[in-house]
Protein chains: 4
Amino acid sequence: MTRPPETLDALNAMPASSFVAATGQAFEHAPWVAEAVVNGRPFPTVAALHEAMMQAVRSAPPDRVAAFIGGHPELGSRVKRAELTDHSQAEQGGLGLDRLSAEEFDRFSRLNAAYREKFGFPFIICVRRHTRDSILREFDKRLGNDAATERAAAVNEIGLITRLRLVEAVDGPGKPATTGRLSTHVLDTVSGRPAPGVKITLHEIGASARGLLKETITNADGRTDAPLIGGEPLRVGTYELAFHIGAYFASRKHAIVADPPFLDVVPIRFAIAEPEGHYHVPLLATPWSYTTYRGS
Amino acid sequence: MTRPPETLDALNAMPASSFVAATGQAFEHAPWVAEAVVNGRPFPTVAALHEAMMQAVRSAPPDRVAAFIGGHPELGSRVKRAELTDHSQAEQGGLGLDRLSAEEFDRFSRLNAAYREKFGFPFIICVRRHTRDSILREFDKRLGNDAATERAAAVNEIGLITRLRLVEAVDGPGKPATTGRLSTHVLDTVSGRPAPGVKITLHEIGASARGLLKETITNADGRTDAPLIGGEPLRVGTYELAFHIGAYFASRKHAIVADPPFLDVVPIRFAIAEPEGHYHVPLLATPWSYTTYRGS
Amino acid sequence: MTRPPETLDALNAMPASSFVAATGQAFEHAPWVAEAVVNGRPFPTVAALHEAMMQAVRSAPPDRVAAFIGGHPELGSRVKRAELTDHSQAEQGGLGLDRLSAEEFDRFSRLNAAYREKFGFPFIICVRRHTRDSILREFDKRLGNDAATERAAAVNEIGLITRLRLVEAVDGPGKPATTGRLSTHVLDTVSGRPAPGVKITLHEIGASARGLLKETITNADGRTDAPLIGGEPLRVGTYELAFHIGAYFASRKHAIVADPPFLDVVPIRFAIAEPEGHYHVPLLATPWSYTTYRGS
Amino acid sequence: MTRPPETLDALNAMPASSFVAATGQAFEHAPWVAEAVVNGRPFPTVAALHEAMMQAVRSAPPDRVAAFIGGHPELGSRVKRAELTDHSQAEQGGLGLDRLSAEEFDRFSRLNAAYREKFGFPFIICVRRHTRDSILREFDKRLGNDAATERAAAVNEIGLITRLRLVEAVDGPGKPATTGRLSTHVLDTVSGRPAPGVKITLHEIGASARGLLKETITNADGRTDAPLIGGEPLRVGTYELAFHIGAYFASRKHAIVADPPFLDVVPIRFAIAEPEGHYHVPLLATPWSYTTYRGS
């Protein structure tokens with residue numbers, strides 16, 4: 001959205017047509033959604049506003065919902081890039097869906113075609129909550145649905161997409177949670193202290209993965225100054241943290257290490273399934289052992 | 001049983017009356033059990049012999065089973081000690097049921113009385129598989145049973161008691177498992193090596209517990225030369241291992257320890273529920289951290 | 001100190017005699033310490049003020065220092081309780097030194113006498129940083145010192161005592177750290193979630209220990225709403241946390257537990273050596289395993 | 001060695017010339033080594049025989065040692081393959097040094113040339129104790145040595161090479177340890193049981209690594225039926241075990257897993273530094289946490 005955020009108070013007080021213009025953007029090409037809730041104002045929270053708008057979608061006549069679903073752009077369709085709204089372009093671009101290899105483009109095209117042939121509408125998914133690998137996984141899974149289940153799945157994804165947009169477009173109380181967080185912590189259990197200066201990399205891994213996402217180093221508290229990922233939804237997918245503890249212990253006076261060290265770069269491979277969750281993935285390490293877990 | 005073990009081969013071949021004399025001892029005051037199976041010989045395994053004898057018990061007329069159950073001695077009944085068979089005395093003696101405090105004796109007496117009043121027969125339990133605390137726990141639990149359930153429970157315990165006796169009385173193939181094992185292992189994860197010379201104590205704990213059962217020290221492989229408990233059923237109950245790792249790490253050149261050490265004596269408290277199981281309870285330790293688990 | 005805290009600004013600006021009265025309280029019966037630094041004002045931080053006062057002590061003539069040390073009350077001396085300043089009484093009272101058993105009183109008396117005979121001045125220790133057991137341990141250790149080492153040790157303890165008093169008596173920037181913190185966290189690694197509702201007790205243990213210090217329960221984040229100990233120095237000593245994870249896992253639908261459960265009450269025994277440190281002692285648990293460590 | 005093993009007893013008793021023929025093979029082109037010890041017979045152990053032969057090498061005149069060292073083949077030298085003794089060919093072949101890529105061959109050739117130029121003799125290393133990566137690492141490290149250190153290093157490697165050959169050529173008591181072992185164990189700490197049916201792969205990793213070495217599956221005890229590597233020296237190098245615990249927990253009724261599972265394939269990356277050591281690398285796992293360590 002190119003316009004600056006409105007406050008919820010302002011949205012509750014403005015003329016109906018301004019409200020439709022201001023909030024309607026979250027629902028592409030569907031001002032009727034905003035129109036359906038304008039008389040429900042004032043909304044006490046941003047979450048209540050979004051829930052009312054989704055309720056309007058879910059209770060709209062089937063034809064209108066079908067047209068609404070059908071108006072969404074296809075995923076990864078290069079030839080259609082010019083027709084994307086600014087929102088959709090930014091959302092799909094963040095994942096590199098506009099820079100697919102020929103092979104990946106073909107795979108997406110085949111899936112799009114199969115999906116459209118089976119269901120008669122485009123595959124809708126809240127791209128910002130997914131990696132390319134999890135989109136392909138969802139594609140495969142949802143292609144097996146029956147039509148009613150899949151229409152509900154499409155509306156559910158629209159709810160996730162518009163929730164993200166609304167949270168960015170409206171300032172006010174009671175925003176729904178739309179961001180996740182990935183954090184870590186390195187404990188040196190030889191000395192019972194946080195391990196500072198440990199190099200950490202984070203890769204997205206998988207057939208279509210984006211590769212290196214972050215390289216950082218632990219601070220004096222054994223943590224990273226900023227979350228490894230934060231302030232946005234975590235993308236469902238597989239990741240690998242690599243902790244360079246060999247170099248760390250080599251620099252400690254009292255560490256008992258072998259040559260080459262038993263542990264050098266410790267990989268922790270894990271999947272994220274909850275885009276709005278907090279994944280704390282710490283490492284408790286000696287030169288000869290380690291423990292990791294999903295913490296909180 | 002004071003007579004030396006017979007071999008299964010000998011039992012299979014001897015005259016019927018000798019067979020009854022030799023195996024009947026396992027079933028106190030009930031030669032009819034051995035008589036019922038004598039024509040089922042030869043038995044291929046000790047387990048098959050025992051199973052046949054228990055099948056004879058389970059299919060005997062109710063009156064005979066009731067008399068058989070009723071003929072068992074009461075638990076912890078000092079006044080009846082003189083009437084115990086040698087077997088029962090040894091079995092109950094190992095747990096100190098003949099050395100109860102006045103308070104414990106009263107508790108056992110009250111439970112025995114309540115049980116006999118409700119069910120009309122004495123409380124039967126395979127004492128060698130229990131601690132005093134678990135006997136009291138079973139007493140409480142089984143007092144809540146109905147009569148049919150409890151008769152089955154009594155027969156089941158007779159099966160456990162006689163299985164132990166038969167395994168000791170008969171040498172041969174296919175002995176049922178009647179012994180458990182408790183073992184440990186101490187790993188020093190600062191050096192990636194077993195921890196030798198670590199003092200370990202094992203206590204039985206609880207209101208009526210026997211206290212210190214074992215004090216030992218780890219060998220060069222971080223293990224104990226003999227299992228902490230072995231060669232007999234493990235007694236259901238609560239135990240505490242204490243690992244003296246403070247002294248161990250104080251003696252290691254490179255250990256980083258505080259004064260006083262963060263970890264000195266590490267207690268691991270756990271319960272045994274499977275008398276014939278293997279409980280391996282290791283410790284992976286640094287001066288600042290440890291991990292324990294039921295291993296195998 | 002019964003008077004309300006002064007601000008550092010006020011102390012820096014007030015007449016010399018008021019300054020001596022206000023800060024001198026931290027240094028019992030020794031107004032000369034405050035007098036020695038009054039012209040060093042203004043002090044930018046509370047820490048700088050305290051350091052200047054301690055510097056005055058350390059550079060005072062030996063006789064004056066000796067008299068200053070000698071003016072401190074003896075530990076645990078009931079007969080002298082009436083002569084304690086309000087400060088000393090409150091500080092020693094928190095540990096129950098005014099409620100010693102006859103045996104403990106005798107032990108303290110003997111140590112006090114031996115110490116005074118060897119060094120000619122009373123044993124000084126910052127009681128608020130110690131348990132009775134660690135005081136006795138320090139007594140034994142310091143009785144072995146030579147006179148010069150022990151005079152320095154006494155001055156060092158006076159620094160710790162007065163630092164605590166000054167921090168309470170003066171409001172202002174740059175307060176030295178005088179408090180520690182003990183916290184915990186329970187992770188259920190069966191479900192990858194914090195464990196809520198886990199009962200936790202904290203005991204001080206040892207021959208002269210105070211016993212139960214805290215009983216609490218974990219909140220939705222698996223932590224305790226308040227630190228187990230906080231807002232004051234941690235007392236050097238041995239502690240035992242007990243985590244009631246048996247009851248927790250018994251209440252979880254999918255936990256695989258034995259009867260009795262392998263782990264019920266998990267004791268974690270550890271020592272605190274740094275009164276101003278942060279001790280985070282978490283538990284990562286399943287019904288069959290756990291890990292603990294000094295975290296941060 | 002193509003001839004069958006001799007017994008130590010036979011070697012101790014046979015004519016001198018037969019002894020030289022039988023044992024001399026372990027020391028390529030250097031019958032003088034066997035000749036030097038033939039009168040030292042009988043040797044009580046295979047280790048004593050080998051130690052005597054190495055002592056003969058170490059105390060031989062410098063020229064003879066130099067010639068002996070100089071007579072060894074160059075590593076990875078394709079053009080010289082025809083000149084290798086059967087032993088050397090088998091030993092170097094097991095690592096694929098006869099199937100080097102052009103780039104690797106060039107690298108080895110350059111290192112060989114640099115080494116020969118600096119020291120005047122070929123680089124000798126007990127290939128069966130190394131991976132290609134560790135050979136290259138040793139090459140780099142030893143190129144920095146001075147001549148005396150490196151002559152000692154070459155003799156030391158000859159000791160390791162001949163020890164392996166002698167152990168295979170001679171049957172008898174007191175064989176020196178020449179084999180290592182890599183083993184694993186998977187514990188399911190959700191159920192407190194070994195994890196059966198877990199797929200495990202072992203890869204050698206690194207720039208010149210051999211890749212997949214083993215694919216296996218855990219048995220009922222959570223172990224592998226055979227060691228992952230055993231019966232030969234472990235090769236110094238970097239390895240990665242991958243435990244497919246996602247599929248395992250997906251098959252367990254009570255496991256609490258996400259979709260996709262937080263942990264699916266768990267990689268454990270470690271280096272082996274002791275070819276004759278025992279590396280036990282177990283995994284204690286839930287669907288949300290794991291611990292690994294060098295065990296014993």
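Start by selecting chains A and D: 100% of the interface residues of chain A are also interface residues in chain D, so the copies meet through the same surface (contact means heavy atoms within 4.5 Å). This is a predicted model, where local features need pLDDT of at least 70, side-chain atom pairs count only at pLDDT 80 or more, and totals for chains, interfaces and linings use all residues. Residues are numbered from 1 along each chain as written, chains are lettered from A and ligands numbered from 1 in written order, and side-chain values use heavy atoms, leaving out hydrogens and water.

Keep those two on screen. A turn of 180° and a shift of 0.1 Å along the axis lays chain A on chain D with an RMSD of 0.1 Å (least squares on the C-alpha atoms of residues with pLDDT of at least 70 in both). That is the relation of a two-fold axis. Now click Thr291(A): in chain A, its C-alpha is the one nearest the axis, 2.1 Å away.

Next, show chains B and D. Their contact takes 15 residues from each of chain B and chain D. Together they bury about 1100 Å², 49% of it on carbon and sulfur atoms (buried area is the accessible area, 1.4 Å probe, that two parts lose on being put together, summed over both). Pick out Tyr293(B), Arg294(B) and Ser296(B), which lose the most area to chain D on the chain B side, together 43% of what that side buries.

Then zoom in on Arg193(B) and Glu274(D). They form a salt bridge, with the closest N and O atoms 2.7 Å apart (a side-chain nitrogen of Lys or Arg within 4 Å of a carboxyl oxygen of Asp or Glu).
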